[in-house]
Amino acid sequence: MKPAVAANTNHQNRRPSWQALLTILMYSFMYIPIIILGVYSFNESRYGAIWKGFSLTWYRKLMGDERLFFALGDSLKIALCAVAISSILGTLMAVGLSKYRFPGKSLYVGISYLPLIIPDIAIAVATLVFLASVAIPLSLWTAIAAHMVFCLAYIAIVVSSRLQGLDPNLEEAALDLGATPTQALLKVLIPQLTPAILSGCLLAFVLSMDDLLISSFTAGGANPLPIEIFSRVKTGIKPDINALSVLLILASGLIAALSEYFRCKSDRI
Amino acid sequence: MKNSGFDRIKAEQKPKKLLALVVNWLQAIFDLIWRWLSNLARPIGLLGPAGIWLLLLMVLPMLLITELSLVPGLKPGQPIAGYGLLNYLRILEPTYLQVLQRSATFATGTTLLCLLLGFPVAYWLALMAPKRWRNLLLVLFILPLWTSSLLRTYAWITLLRSSGVINLVLGALGLPTQSLMNTPWAVYIGMTYSFLPYMVLILYASLERLDLKLLEAAADLGANPQIAFWRVTVPQTLPGIAAGCLLVFVTSLGDFVVPTLLGGPSSMTISRLIYNQFLGVARNWGFGSALSMVLILMVSLAIALLLKYGDRNPEIYS
């Protein structure tokens, strides 16, 4: 039935194609740096790449590092607050955009894409200038406000793409059966959207935890983790940061798995 | 309500009829306004909060830096003395033009590298990999995106520095060691590493939707696989290629972490220059705002090019 494709497959079975070989190479390219980082976090030696024996020194040092824990705390506060508020604003925005037509809608949509398009450094600078011009002192709260901008934009995108695949009849049926529009939103639409909202939240959470530039310009005295890590690694290799990386990479692997789970669930409904 | 009012009118005597009619009308008008308001309240309730937030913290700040970019030599805390184009003219000085050019070169080079390395991977994943493993393999490839970009860049310091792993291996093999850290090569490696998953993700989505029947048709009509690839596969995935290139180009153009950590002092890029105008030693907000405007302009230009040329009809050859 498919002569060309079948011939192709036979060919592959005999000898791996160059695409497959290159793919393997690229997977190693993606993972070797992370694996090496992991291996060296257990290295006794402080300097150089030479293996001096297995040790948990750096993990022990990490556990006693109060500054890092405070930084992690600041990061978590910013990310959790920003994501929690944005999840509501972003979802409402996505629902609103899917339901209503109004003059200036394309402008609204265009503005909602700005946080995704404009480079972080420009957003960070502009936010700093704005905060300075209205004389709001920089703090954890200004960082949360600034993070909310990109968090709600990403959450709205994820939720919007899910909304497009939804059956509009379900909500109409609820309305026909006597539900108020608010009831229809809360009891019919939102449950259908929950997996998408959660996966959007996870994405926003990861982006917020990863953000260096916007926090650098808006956090003031607060010291989120990326800023702390950046100021330490600027000057070179720090084995305790290797250990920290391993822990954070494991945590983000967990978040990725969770997100994939929500995505599958979202597709299945 | 209206019906009961109407019934009431019929039941009442004549003098009260007029009053009842007015009350009835008022009620109807009030009802209309109320319905109109509640119709309006819903979209405002849904779109208002996010809209206000975007207006306050996205649109207004952008307008503000547009204004500041027209104030020459503005230091933080200073009042605005006068407007002028001096900040923009200053960007045209050779030192700064070189920075712009370097940023554009890094971004272009990274985009090409990602396309060259990413296309075969996406092709293999979408068309040649065992079907039931495809999703898992794709997720595995983009998994590093979930980890901190700062730490992924940091990982390359371990490999690239003079006493790093690459030189350890080269030395063990008896090859001359390389000093890769703080060179443009390190920036290309770091950026390609950071943004390759985006490219693969987008190309995969595009290749997955490829109509295989067209390839069969091409083969039936006597095209060899190479010709079929260039005349059928590539034109069909062109929107995906354009979107992937745009994403990688825009992200690497504004990237701060990789040039700072891997590129060293010789790899000054536009984002680092902007950073220095605000948080570094330079402290020139006006000039920094002008540089930000130029960066935004470059990004917008790339997007405009995509909209113009990237969105060709994918079925042009069908």
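This is a walk through a predicted model of two chains, A and B.

Let us start with the overall build of chain A. Its secondary structure consists of twelve helices and zero strands, so reading along the sequence gives the pattern α-α-α-α-α-α-α-α-α-α-α-α. The C-alpha trace of chain A spans about 75 × 70 × 30 Å along its principal axes. Its radius of gyration is 24 Å, where a compact globule of 269 residues would have one near 18 Å. Buried residues account for 42% of the 269 residues in chain A. If you look at contacts in chain A between residues at least 6 apart in sequence, 81% of them join residues at least 24 apart.

Chain B can be read in the same way. Here the count is 13 helices and zero strands, and from the N terminus on the elements run α-α-α-α-α-α-α-α-α-α-α-α-α. Taken along the principal axes, the C-alpha atoms of chain B fill a box of roughly 115 × 70 × 35 Å. The radius of gyration of chain B is 30 Å, against a value near 20 Å for a compact globule of 318 residues. Of its 318 residues, 42% count as buried. Among contacts in chain B between residues at least 6 apart in sequence, 71% join residues at least 24 apart.

The domain assignment helps to picture chain B, as it gives domain 1 (2-68) and domain 2 (86-310). The C-alpha centres of these two domains of chain B lie 52 Å apart.

Now for the annotation of chain A. An unreviewed UniProt entry lists residues 20-42, 76-95, 107-132, 138-163, 184-207 and 241-262 of chain A under "transmembrane region". Two of these stretches are worth tracing in the model. Over residues 20-42 of chain A, the chain is 91% helix and 0% strand, with the end C-alpha atoms 33 Å apart. Over residues 107-132 of chain A, the chain is 92% helix and 0% strand, and the end C-alpha atoms are 27 Å apart.

How do the two chains meet? At the interface, 74 residues of chain A are in contact with 69 residues of chain B. Helix α2 (residues 18-40) of chain A gives the most to the side of chain A that touches chain B, with 13 residues. Sorted by class, that side of chain A has 56 nonpolar, 14 polar and four charged residues.

One residue that reaches across to chain B is Y108(A), found in helix α5 (residues 105-117) of chain A. Leaving aside its neighbours within four places in sequence, Y108(A) is in contact with L47(B) and G51(B). Is Y108(A) buried, exposed or partly exposed? It has 18 other C-beta atoms within 10 Å, and because a residue needs 20 or more to be buried and 12 or fewer to be exposed, Y108(A) is partly exposed. Y108(A) and A256(A) are 148 residues apart in sequence, and their C-alpha atoms are 31 Å apart in space.

From the interface we can turn to the nonpolar interior. The largest nonpolar core has 156 residues, and those that touch the most other members are M93(A), V125(A), V149(A), L152(A), I155(A) and A122(B). Helix α7 (residues 140-164) of chain A supplies the largest share of this core, 16 residues. Domain 1 (2-68) and domain 2 (86-310) of chain B both give residues to this core, so it lies between them. A second, separate core has five residues, including L215(B), A218(B), A219(B) and V232(B).

I155(A) offers a good view into the larger core. Beyond its neighbours within four places in sequence, I155(A) is in contact with S86(A), S87(A), G90(A), T91(A), I197(A), G200(A), C201(A) and A204(A).

Finally, two loop residues deserve a look at their backbone. Most residues other than glycine have a negative phi. A135(A), although not a glycine, has a positive phi of about 55°. A135(A) is found in the loop between α6 (120-133) and α7 of chain A, and it counts as exposed because it has 6 C-beta neighbours inside 10 Å. The other case is N182(B), also not a glycine, with a positive phi of about 60°. N182(B) lies in the loop between α7 (165-172) and α8 (184-208) of chain B. With 18 other C-beta atoms within 10 Å, N182(B) is partly exposed.

Conventions: Residues numbered from 1 in each chain as written. Chains lettered and ligands numbered in written order. Predicted model: local features only at pLDDT ≥ 70, side-chain atom pairs only at ≥ 80, totals over all residues. Helix = DSSP H or I, 4+ residues; strand = E, 2+ residues; numbered from the N terminus. Rg over C-alpha atoms; globule rule 2.2 N^0.38 Å. Contact = placed C-beta atoms within 7 Å. Domains from an automatic or database assignment. Nonpolar A, V, L, I, M, F, W, Y, C, P; charged D, E, K, R; others polar. UniProt positions renumbered as here; feature names shortened; annotations may be inferred. Core = buried A, V, L, I, M, F, W, Y, C linked by C-beta atoms within 7 Å.
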